[in-house]
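Work through the exercises below with the sequence and the model open. Each task is followed by a solution in steps.

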Amino acid sequence: MAEQFDVVVIGAGPGGYTAAIRAAQLGFATACIDDWSRADGKPAPGGTCTNVGCIPSKALLQSSENFEHAGHSFADHGIKVDGLAIDVPRMLARKERVVAQNNDGILYLFKKNKIAFFHGIGSFAGKEGDAWKLSCKMSVAGAKAAELVARNVIVATGSKPRPLPGVAFDNVRVLDNEGALAIQGVPKRLGVVGAGVIGLEMGSVWRRLGAEVTVLEALPAFLGVVDSAIAKEALKLFTKQGLAIQTGVKITDVKVGKQDVGVVYTDAAGKTQNATYDRLIVSIGRIPYTGALEAGKVGLKLDERGFVEVDGECRTNLPHVWAIGDVVRGPMLAHKAEEEAVAVAERIAGQHGHVDFNTVPWVIYTAPEIAWVGQNEQQLKVDGVDYRAGSFPFMANGRARAMGDTSGFVKILADRKTDRILGVHIIGPYASELISEGVVAMEFGASSEDLARICHAHPSLSEATKEAALAVDGRTLNL
Ligand SMILES: Cc1cc2nc3c(=O)[nH]c(=O)nc-3n(C[C@H](O)[C@H](O)[C@H](O)COP(=O)(O)OP(=O)(O)OC[C@H]3O[C@@H](n4cnc5c(N)ncnc54)[C@H](O)[C@@H]3O)c2cc1C
């Protein structure tokens, strides 16, 4: 006998589990199906983000940053460290504990919100009247498949890493994000293909721990999606740190050996280069994952790139079937998935769920961090928008000096006529936290004068944001 639900969510990544919680809060009988397992076979809800994405990468970034501080900046504080060494297995074990805490936290939230959790692969099986029939092939060996009937289905099946054409991930020599987060010892020579968010974060982790890291990027410009002044500063700082970054590269051959990987490429000048790495991380983007859904069985429409096709409100072509997160258009970010999740659950309840795609913040968790919201200067120029820009360096910020972390700056772009903030761009310490002020300001339609008039705590990094807002009107106080 099939179990009946108002809402069934397929996938328990940040999109799926958040959708399930909000649906349950709204009073719906809710189930969530997810197939991710821990090494011991137990469920590991949280998707890419929790298991092999946001959370473990930030755990390793923190460990490696601590190591770098102990080796380089502690001495300046008068702290002596003798016999500094990195214990990679212990660092990885800590990362695994952090991941497990998050998996357990989600299981607790399912229980608290009375969400039925099915550990297995969910797929469409057909229709029963107006409702959808779903089947869940359980992950527990020998367990009978569960049959579910749902009035509403939310597809949140996420994404998978994109391989280099003809070069499969083996996670021994050629690593995807999962492999990059689990290298058992510091490689001497690490190649990274793709200078996007994941490539730079993973390259930074292993560079800090002692690897010689080369980043090969196909596009001619470094961090082309980032405000060009921020990208220029980032390239300067990362190069100084020891990341060898090459742009305009075309990879022509990859030979995977037992001990190393050979990469042949043409560089920006068109010269053929031969490089050998102990490991090669490939981070050239991610592709939507709908593999096990049986979308064709019910006619769920995918677009030409394999994303589930949705309208601006995450409705698919099928009635009462919605899709959110990485499996649909838009930025592949956990918080974008979460916002869509809440909005969809509220729409199912007849409410007016809303996501403002113009104020989705982006963060790169390198050191210094990079964060932005809204439009950058290149985009404003292309759009012919008349704007004013104001910047303020962390070098002139008291808190940054006290911390010994003065690289980078805050930059604010505002409409010349109305002064409405159009973009906030930060490279510097805790940019990931500071950007929230920019998001709030933009969400409330604030002007740069509004930000400049708000009292900011002293000494704090956020004073740099206030000063950048003052700079839009040419009246910084501390520069
Ligand atoms: C290394 C790395 C670092 C990242 N860092 C950040 C960051 O700092 N900040 C940020 O915002 N984003 C980050 N991301 C991106 C972020 O992880 C994704 O945007 C986010 O996980 C998308 O959430 P989702 O719910 O759409 O899908 P996912 O998290 O991919 O979850 C989908 C889930 O559905 C399951 N599933 C798929 N098909 C089925 C099926 N048929 N039946 C049952 N289960 C199924 C999958 O196994 C998975 O558990 C990072 C990604 C990577 C790889």
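**Exercise 1.** Which residue stands opposite Glu147 in strand 5? Place the pair within its run of strands.

Solution. The model is a predicted one.
- Step 1: the residue opposite Glu147 of strand 5 is Ser135.
- Step 2: strand 4 and strand 5 (residues 146-155) are paired antiparallel, over five bridges.
- Step 3: strand 4 (residues 131-138) is also joined to strand 3 (residues 116-128), by eight bridges and again antiparallel. Within this pairing, Ile121 has Lys137 of strand 4 as its bridge partner.
- Step 4: a hairpin is formed by strand 3 and strand 4, with two residues between them. In the turn, Gly129 has a positive phi of about 65°.

**Exercise 2.** Find the order of the five strands in the open sheet, and explain which strands stand at the edges.

Solution.
- Step 1: the order is 17-18-21-20-19, with antiparallel pairing.
- Step 2: strand 17 (362-364) and strand 19 (387-393) each have a single partner strand, so they stand at the edges and one side of each lacks a neighbour in the sheet.
- Step 3: from one strand to the next, the twist averages 10°.
- Step 4: for one pairing inside the sheet, take strand 20 (residues 409-415) and strand 21 (residues 421-428), which are antiparallel and joined by six bridges. Lys411 is opposite His425 of strand 21.
- Step 5: add the helix. Helix 7 (residues 228-241) lies across strand 18 (369-374), strand 20 and strand 21, and runs at about 5° to strand 21.

**Exercise 3.** At what angle do helix 3 and helix 6 pack? Describe the contact as well.

Solution.
- Step 1: helix 3 (residues 54-73) packs on helix 6 (residues 197-208) at an angle of about 35°, and the axes are 9 Å apart.
- Step 2: the crossing is left-handed.
- Step 3: helix 3 contributes residues including Leu60, Leu61 and Phe67, while those from helix 6 include Met202 and Val205.
- Step 4: by class, the contact residues are five nonpolar, three polar and six charged.

**Exercise 4.** How many residues surround the ligand, and which are the closest? List polar contacts to its oxygen atoms.

Solution.
- Step 1: the ligand is surrounded by 39 residues, the closest being Asp34, Asp35, Thr48, Lys58 and Gly122.
- Step 2: Asp35 places a polar side-chain atom 2.6 Å from a ligand oxygen atom.
- Step 3: for His335, a polar side-chain atom is 3.3 Å from an oxygen atom of the ligand.
- Step 4: for Met332, a backbone N or O atom lies 3.3 Å from an oxygen atom of the ligand.

Technical notes
Residues numbered from 1 in each chain as written. Predicted model: local features only at pLDDT ≥ 70, side-chain atom pairs only at ≥ 80, totals over all residues. Heavy atoms only, no water. Pairing = 2+ DSSP bridges. Helix = DSSP H or I, 4+ residues; strand = E, 2+ residues; numbered from the N terminus. Axes fitted to C-alpha atoms, helices over the stretch in contact; angles between N-to-C directions. Contact = heavy atoms within 4.5 Å. Left-handed = near helix turned anticlockwise from the far one by under 90°. Nonpolar A, V, L, I, M, F, W, Y, C, P; charged D, E, K, R; others polar. Near = heavy atom within 4 Å. Polar contact = N/O pair within 3.5 Å; in protein donor to acceptor, adjacent residues only side chain to side chain.
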